[in-house]
Amino acid sequence: MYRSLLRALALAATLAVIITGIESVTEPAPAAASVEEAYFVLTAFPQEPDTVRFSDSWGARRPGGRRHQGTDIMSPRGTEIVAVADGIVTKLGYSRMSGYYIRIDHGNGWITSYLHLNNDTYGTDDGKGGTWTAFFPTLQEGDEVMGGQVIGYVGDSGNAENTTPHTHFEIKHDDTKKNPYPYLRDAFNRENRFPTAASQPI
């Protein structure tokens, strides 16, 4: 009787080992650790670094309960704005809030936007400008642009009227807005440390 009981226990233990082995083979492997999101490098600062003022205002309160979702780069009206990296112009537009704006797709889910472009005739604050004072004259939707290429001009169009002229700069990755300040700070510091040859005295 004891032998029969021992055989039954041994058989049960063997079956448990076999079943455990099968489960371990068929059990899906744990998901790999998520890869850290690639960092978008601005190959150019949006405006001439010598003329700008900017700070980290991400999340600051705005009228109507809104939160600031960009970085305001202050510069004199009419200052050139450049693409921060290679990409394709997907929108040259106007809206009541944004004023004249440009959107560029840089690939891999990265998009930059430049808002409140100039709507004044040169040397004035008359609001009588238009696309010809906001965008670089030959720029069109669908154009490929290079980092550092002039795309538009600083102003105060949209809900920025009666404020200091500036560019509201935004970055999106996979349709999610990101705080642009760290990206701008890195590009600004890099340009100040390694100015282009064209800016060097002869």
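What is the volume of the second largest pocket? The second largest pocket has a volume of about 330 Å³, and we will come back to its lining after a short tour of the chain.

First, a word on what you are looking at. This is a predicted model, in which local features need pLDDT of at least 70 and side-chain atom pairs count only at pLDDT 80 or more, while totals for chains, interfaces and linings use all residues. Residues are numbered from 1 along each chain as its sequence is written, and side-chain values use heavy atoms, with hydrogens and water left out.

**The chain as a whole**

The chain holds three helices and 11 strands. Helices (H or I, at least four residues) and strands (E, at least two) are DSSP runs, numbered from the N terminus. Read from that end, the order of elements is α-β-β-β-β-β-β-β-α-β-β-β-β-α. Of the 202 residues in the chain, 36% are buried; buried stands for under 20% relative accessible area, exposed for over 50% and partly exposed for anything in between, using a 1.4 Å probe and protein chains only.

**Back to the pocket**

A pocket is found on a 1 Å grid over the protein atoms alone: it is an open set of points where a 1.4 Å probe fits, with protein on both sides within 12 Å along at least five of seven lines, and its lining residues have an atom within 4 Å of a point. Grid points are joined across faces, edges and corners, and the volume is the space filled by probe spheres set on the points.

The second largest pocket is lined by 18 residues, and Arg66, His68, His116, Asn159 and His168 are the closest to its centre. Strand E2 (66–67), strand E7 (110–117) and E10 each supply at least two lining residues, with E10 giving the most, three residues. By type, the lining divides into four nonpolar, eight polar and six charged residues. Here Ala, Val, Leu, Ile, Met, Phe, Trp, Tyr, Cys and Pro count as nonpolar, Asp, Glu, Lys and Arg as charged, and the others, Gly among them, as polar.

**Helix H3 and the aromatic rings**

H3 has 13 residues and reaches 18 Å from its first C-alpha to its last, close to the 18 Å expected at 1.5 Å a residue; the expected span is 1.5 Å times one less than the number of residues. Its buried residues are Tyr183, Leu184, Ala187 and Phe188. They sit on the same side of H3 because they cover an arc of only 130° around the axis, taken from the directions from the helix axis to the C-beta atoms.

Tyr183 also belongs to an aromatic cluster with Tyr39, Phe40 and Trp110. The whole structure has 10 aromatic pairs. Phenylalanine 54 and phenylalanine 188 form an edge-to-face pair, 5.4 Å centre to centre with 70° between the planes. Rings of Phe, Tyr and Trp (its six-membered ring) pair if their centres lie within 6.5 Å, and planes under 30 degrees apart count as stacked, over 60 as edge-to-face and the rest as tilted.

**Two loop residues with positive phi**

Neither residue below is a glycine.

| Residue | Phi | Loop | Relative accessible area |
|---|---|---|---|
| Asparagine 162 | about 70° | between strand E9 (150–153) and strand E10 (166–173) | 75%, exposed |
| Aspartate 175 | near 70° | between E10 and strand E11 (176–178) | 67%, exposed |
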